[in-house]
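Work through the exercises below with the sequence and the model side by side. Each task is followed by a solution that goes step by step.

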Amino acid sequence: MFGLTFSAVFGVIIYRITVSALMAMSPDPETKSNVRVTVTATAVIINLVVILILDEIYGSVALWLTELEIPKTETNFEERLILKAFLLKFMNAYAPIFYVAFFKGRFAGRPGNYVYVFNDYRMEECAPGGCLIELCIQLSIIMLGKQLIQNNIFEIGIPKLKKLFRELKNKIIQFGFVSLFVASFPLAPLFALLNNVIEIRLDAKKFVTELRRPVAVRAKDIGIWYNILSGMGKFSVIINAFVISFTSDFIPRLVYQYMFSQTGTMHGFIDHTLSHFNVSNFKPGTAPENSELGNITVCRYKDYREPPWSPDAYAFSKHYWCVLAARLAFVILFQNLVMFLSLVVAWIIPDVPKTIVEQLKREKKLLVDVFLQEEKEKFQLIQSLFSKEATHPPSQASFIPGRYSTLPPGLTQSSDRHGEGQRVRCRAASFSQFSRNVPAQPRSDNENSRQTMV
């Protein structure tokens, strides 16, 4: 399944390369000027359609694989199903976005040494301003299209046609869109909120008019979802750090301003990011066919490389290594800072709210008060019974040893009173002799229950 996803992404890459080459060779100047916009928009739409189709396939495959495992419990079955579906749909939804964010333009080569696909088509590159804008476009179209089509149209349309309820939802995928690449598309949380508000109303209508009442099932916690959400939260920190440092020009601008700029400003930054190339170093058949080149011998391209007159021509310059070191340092600093802040927030905000803690203390105090009141009533009852015995002692005729007396059978109060025999130590009176007719209660292992029943 992962191979199928990567094949789909590679197919879209081939589509982008070939369409870009064909449109660039068009004689129409308007077509040439809109190559990048047209190719980006159509490629994103193709990605969206492929994602929607593969999502349905992956949901069925995940269910089939889980049924083959025959889990012992329903909870175990749901956890395995969720994990498989998440992994498959995660790769399906984010593979094209990861390509644009971290791989596009990284392996295109340089003038005179470009990388070609099938020996005819040059590997695509980012725009002169970088891939951040294209990443934003790709993320916005895929996220909004996926939510609008899959989460809303499918969920309200399929029940009307087939009266079927989708068993597997894709909320976690939405959480990834909001968290993983929020640095490139800051409006993602807003659109996710609007989508969820709309979806709540659509689900309400669906449950009321289209479906039978769902069976409520009690759950101890959210299960494997906690591990998935926690892992994605940590993973999103790393992804956003790499997006800021490697996909955008944030770090190169800071490096230029504080290390290479003579005035401490951004003046001259564009010239600083361009390297030199001698057009005589083009390989045969790869030079641009343009009569307007004239006597131009040197051109500029975006990269940090040594000039052609340097002993290490076209090798990475020291500026490249400075920028790379700054990017990696930013990733490490950003990741540790965010993780530290998250730990601080987790420490400040308690797991159990203060109101709940106070309520638990109050309930415990009430339980102790009830227990003490019950014991007090028992003690008063015992005292009243003993005082009644002392006031009205039983007669000799009606005296039954062992009934009210705490002496062993065979010993009487008269023998002890006249000094006949040794005085016997009395046993403690059993409360069961004086208790009211209370039905026997089953034995409980609860500590409070045992103390109360003593």
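**Exercise 1: a strand pair**

Determine in which sense strands β5 and β6 pair, and over how many bridges. In this predicted model, β5 (residues 274–278) and β6 (residues 298–302) pair in the antiparallel sense, and the pairing runs over five bridges. As a next step, take one residue of β5 and look across to its partner strand: N278 stands opposite V298 in β6. Finally, sort the residues of β5 by face: S275 and F277 belong to the covered face, whereas L274, H276 and N278 belong to the uncovered one.

**Exercise 2: a nonpolar surface patch**

Find which residues make the nonpolar surface patch of about 540 Å², and which element supplies the largest share of it. The patch is made by M1, F2, L4, F6, L83 and L87. Helices α1 (2–24) and α4 (74–103) each supply at least two of its residues, and the largest share, three residues, comes from α1. Consider then L87, which has its place in helix α4: because its relative accessibility is 40%, L87 counts as partly exposed, the range for that class lying between 20% and 50%.

**Exercise 3: confidence along the chain**

Establish which elements have the lowest and the highest mean pLDDT. Start from the protein, whose mean pLDDT is 78, with 80% of its residues reaching 70 or more. Among the elements, helix α13 (residues 413–417) has the lowest mean, 44, and helix α11 (residues 318–348) the highest, 91. Over residues 410–454 the pLDDT is below 50, and this stretch has 35 contacts in the model beyond near neighbours in sequence.

Note on methods. Residues are numbered from 1 along each chain as its sequence is written. This is a predicted model: local features need pLDDT of at least 70, side-chain atom pairs count only at pLDDT 80 or more; totals for chains, interfaces and linings use all residues. Side-chain values use heavy atoms; hydrogens and water are left out. pLDDT is the predictor's confidence in each residue, from 0 to 100. Helices (H or I, at least four residues) and strands (E, at least two) are DSSP runs, numbered from the N terminus. Contact means heavy atoms within 4.5 Å. Buried means under 20% relative accessible area, exposed over 50%, partly exposed in between (1.4 Å probe, protein chains only). Two strands pair if DSSP finds at least two bridges between them. Patches are made of residues with over 30% relative accessible area and no salt bridge: like charges are joined within 9 Å, nonpolar side chains (Val, Leu, Ile, Met, Phe, Trp, Tyr) within 5 Å. Accessible areas come from the Shrake-Rupley method with a 1.4 Å probe; for residues, only the protein chains shown count as cover. A salt bridge is a side-chain nitrogen of Lys or Arg within 4 Å of a carboxyl oxygen of Asp or Glu.
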